[in-house]
Amino acid sequence: MSTENNKMMKRDLEVIWHPCTQMKDHETFPLVPIKSGEGVYLFDFDGNSYIDAISSWWVNIFGHCNKEISNNIKQQLDTLEHVLLAGFTHEPAISLAHKLVNIVPEGLNKVFYVDNGSSAVEVTLKMSYHYHLNKGECKPIFLSLTNSYHGETIGALSVGDVSLYKETYEQLLIRNMQTPVPKDQTKESAKEALEALEEILKEKAKEISAFIVEPMVQGAGGMHMYHADYLVGARALTRKYNVHLIADEIMTGFGRTGEMFACNHADISPDYMTLSKGLTGGFLSLSVVLTTDRIYEAFYCDYNEHKAFLHSHSYTGNPLACSAALATLEIFEKNNVIVENYKKSEMIASKIKKFELLQNVKSVRQQGMIAVVELSGYKTEERIGLKVYQYGLEHGVLLRPLGNMIYFMPPYIITEDEMTTMIDVAHDAVKSLI
Ligand SMILES: Cc1ncc(COP(=O)(O)O)c(C=O)c1O
């Protein structure tokens, strides 16, 4: 049968190589061509709708085609679409940088613009290594947590630990060591993991430039969650051993974990913070690295001393993306989003309890606007996540499990009724596997 979806899929597969995909899968699993979006809904070409339970790769925090964001972009579009940021500047970049400095943890006063998450991580690694060089120390190793994910460019992949993405490229990677992530959300696990961290730092700190973490929740590593005490301890230890702390808030930033930034749960300020995804409300690609005056000053000198940070990307600080980000921040200010989200996360908490009664559910956990149902008893080859994904699509919900983890990360504008549908469909999907 030749539906509009099928026609689109055929045209697509003639020319497009999709990300994070074994393309042969599309011999049996159809692509979903999306025609439009509105609020929490995506609409395909055959008139089906899907509740976007994952905010479209965790970026869309205020709904699809949000009017406030799109209007801001439209205004900017007829004013200035782009200009290089080396030697030039523009109003949206300046305003956005000031606003960000005012809301991130204290001490992060300088904003380095980039254009996607992985590149922001690359910047922190290079900047940290270069800082130490400028200070007369060569520290060629980075430290990260087991089960971490920081993106898929070579540097970002090197500090990550998801073997599915990393293993193949092992020979190409830069030097990295790993320390155990706390095994669960308890204080005891945080304490245990801090002991292991100190052991490594005691021995290796002289060679380590920076310790990079996804604060509170490790996203692509299966939405693994840990206690804020770990961040408090990690901040103290990295200071003690002269190692930078990088908080990669690309996924956790902008309210996802319940606070504006995950670092706020521990009341810590890292040496670098990376932000992207929710920054533009899911409209355009943009990222930033925030850092301290102290680090900025280590690069500040006469040109011929060769200490400048000469990293750049063509679309760094794009005005359209900055205008989307400005509108996004305005929505946070105007709508008291963090407080409203607290109520929504309570609703999610009460609705997901019923998963605990299913025999194939190992655990249910939550941190703010991220909720996870972990299944047990299935082998990787069974691709159980794919079955849940397909069930979801057939019943109007876009779920995208990470292996055996089914998670909910909806746009914050989701209503209680939409939440109920999203969770009920996932529940039926899990039940159908028994
Ligand atoms: C914590 C974290 N860091 C970095 C990245 C990479 O961002 P991007 O996909 O924009 O390269 C991601 C993406 O999921 C992420 O979750």
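These legends describe close-up views of a predicted model. Local features need pLDDT of at least 70 and side-chain atom pairs count only at pLDDT 80 or more, while totals for chains, interfaces and linings use all residues. Residues are numbered from 1 along each chain as its sequence is written, and side-chain values use heavy atoms, with hydrogens and water left out.

**View A. The shell around the ligand.**
Trp-58, Asn-116, Gly-117, Ser-118, Tyr-149, His-150, Gly-151, Glu-214, Asp-248, Ile-250, Met-251 and Lys-277 surround the ligand. A residue is near the ligand if one of its heavy atoms lies within 4 Å of it. The shell holds four nonpolar, five polar and three charged residues. Here Ala, Val, Leu, Ile, Met, Phe, Trp, Tyr, Cys and Pro count as nonpolar, Asp, Glu, Lys and Arg as charged, and the others, Gly among them, as polar.

**View B. Polar contacts to the ligand.**
A polar contact is a pair of N or O atoms within 3.5 Å. A polar side-chain atom of Ser-118 sits 2.6 Å from a ligand oxygen atom. Gly-117 places a backbone N or O atom 2.9 Å from an oxygen atom of the ligand. On Asp-248, a side-chain N or O atom is 2.7 Å from a nitrogen atom of the ligand. The ligand taken alone exposes 390 Å², and the protein buries 83% of that. Areas come from the Shrake-Rupley method with a 1.4 Å probe; for residues, only the protein chains shown count as cover.

**View C. Two residues with positive phi.**
Trp-58, one of the residues around the ligand, has a positive phi of about 70 degrees although it is not a glycine. Trp-58 belongs to helix H2 (residues 55-58). Helices (H or I, at least four residues) and strands (E, at least two) are DSSP runs, numbered from the N terminus. Trp-58 counts as buried because its relative accessible area is 9%; buried means under 20%, exposed over 50%, and partly exposed in between. Met-216 is not a glycine either, and has a positive phi of about 70 degrees. Met-216 lies in the loop between strand E7 (208-213) and strand E8 (217-218). With a relative accessible area of 4%, Met-216 is buried.

**View D. A nonpolar surface patch.**
Ile-154, Tyr-169, Leu-172 and Ile-174 make a nonpolar patch of about 360 Å². Such patches take residues with over 30% relative accessible area and no salt bridge (a side-chain nitrogen of Lys or Arg within 4 Å of a carboxyl oxygen of Asp or Glu). Nonpolar side chains (Val, Leu, Ile, Met, Phe, Trp, Tyr) are joined within 5 Å, like charges within 9 Å. Ile-174 is in the loop between helix H7 (163-166) and strand E6 (176-179). Ile-174 is partly exposed, at 37% relative accessibility.

Conventions: Buried means under 20% relative accessible area, exposed over 50%, partly exposed in between (1.4 Å probe, protein chains only). A polar contact is a pair of N or O atoms within 3.5 Å; within protein, one must be able to donate a hydrogen and the other to accept it, and residues adjacent in sequence count only if both atoms are side-chain atoms.
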